[in-house]
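Open the model in your viewer, switch to a cartoon view, and keep the selection box handy. We will go from stop to stop, picking out a few residues at a time.

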Amino acid sequence: MKITVNGNPETIDVCSITDYLVEKGLTGEGVVVEHNYKIVKRAEWQGVQLREGDNLEILSFVGGG
């Protein structure tokens, strides 16, 4: 299925937000996900099923000094 991730078109086979993040290696604590313009709480990621045409924005925070 085709979705948009951070403004870029992508073809995926996974079903949930959690599945997508695991596939991409983005499982750390500093990850925020917006699905179709709504921020999704981490506890809800597994229950959100991705569908054709969905939009994801994924932010990963990195500490530094």
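## Stop one: strand E1

Begin by selecting strand E1 and showing its side chains, bearing in mind that this is a predicted model. The side chains of E1 alternate: Ile-3 and Val-5 point to one face and are buried, whereas Lys-2 and Thr-4 point to the other face and are not buried. This is a familiar pattern, because in a regular strand the side chains alternate between the two faces of the sheet.

Now add strand E2, residues 8-11, to the selection. E1 and E2 run antiparallel and are joined by four bridges. For a landmark on this pairing, pick Lys-2, which stands opposite Thr-11 in E2. Follow the chain from E1 into E2 and you trace a hairpin with two residues between the strands. Asn-6 is in that turn, with a positive phi of about 50 degrees.

Then bring in E5. E1 and E5 pair in the parallel sense, over two bridges. Here the landmark is Thr-4, which stands opposite Asn-55 in E5.

## Stop two: the whole sheet

Select every strand, E1 to E5. Which order do the five strands take? They form an open sheet in the order E2-E1-E5-E3-E4, with mixed pairing. E2 and E4 stand at the edges with a single partner strand each, so one side of each has no neighbour in the sheet. Turn the view to look along the sheet: the twist averages 35 degrees from one strand to the next.

## Stop three: the nonpolar core

Next, select Ile-17, Tyr-20, Leu-21, Val-33, Leu-56 and Ile-58 and show them as spheres. These are the members that touch the most other members of the largest nonpolar core, which has 15 residues. Colour by element of structure and you can see where the core comes from: strand E1 (2-5), helix H1 (17-24), strand E3 (31-35) and strand E5 (55-60) each supply at least two of its residues. H1 gives the largest share, three residues. As background, nonpolar side chains in soluble globular proteins tend to be buried together.

Stay with Tyr-20 for a moment. Leaving aside residues up to four places away in sequence, Tyr-20 touches Val-5, Glu-10, Ile-12, Val-14, Leu-50, Leu-56 and Ile-58.

## Stop four: Glu-10 and its partners

One name in that list deserves its own selection: Glu-10, in strand E2. Show its side chain in sticks and look for two polar contacts. One goes to the side chain of Tyr-20, at 2.9 Å, and another to the side chain of Lys-24, at 3.3 Å.

How many salt bridges does a search of the whole structure find? The search finds one, and you are looking at it: Lys-24 with Glu-10, their closest N and O atoms 3.3 Å apart. Lys-24 lies in helix H1 and Glu-10 in strand E2, so the pair ties together parts that are 14 residues apart in sequence. Is Lys-24 buried, partly exposed or exposed? Its relative accessibility is 41%, so Lys-24 counts as partly exposed.

To fill in the surroundings, select the residues that Glu-10 touches beyond four places in sequence: Met-1, Lys-2, Ile-3, Val-5, Tyr-20 and Lys-24.

## Stop five: His-35 and the loop after E3

For the last stop, go to His-35 in strand E3. Its relative accessibility is 14%, so His-35 counts as buried. Setting aside residues up to four places away in sequence, His-35 touches Ile-17, Val-40, Val-48, Leu-50, Asp-54, Asn-55 and Leu-56.

Step one residue along to Asn-36, whose side chain makes a polar contact of 3.5 Å with that of His-35. Asn-36 lies in the loop between E3 and strand E4 (38-40). With 34% relative accessibility, Asn-36 counts as partly exposed. Check its backbone too: the phi of Asn-36 is positive, near 50 degrees, in a residue other than glycine.

Finish on Tyr-37, found in the loop between E3 and E4. The phi of Tyr-37 is likewise positive, near 75 degrees. Is Tyr-37 buried or exposed? At 66% relative accessibility, Tyr-37 counts as exposed.

Methods:
Residues numbered from 1 in each chain as written. Predicted model: local features only at pLDDT ≥ 70, side-chain atom pairs only at ≥ 80, totals over all residues. Heavy atoms only, no water. Core = buried A, V, L, I, M, F, W, Y, C linked by side-chain atoms within 4.5 Å. Buried < 20%, exposed > 50% of the residue type's maximum accessible area, 1.4 Å probe, protein only. Contact = heavy atoms within 4.5 Å. Polar contact = N/O pair within 3.5 Å; in protein donor to acceptor, adjacent residues only side chain to side chain. Pairing = 2+ DSSP bridges. Salt bridge = Lys/Arg side-chain N within 4 Å of Asp/Glu carboxyl O. Axes fitted to C-alpha atoms, helices over the stretch in contact; angles between N-to-C directions.
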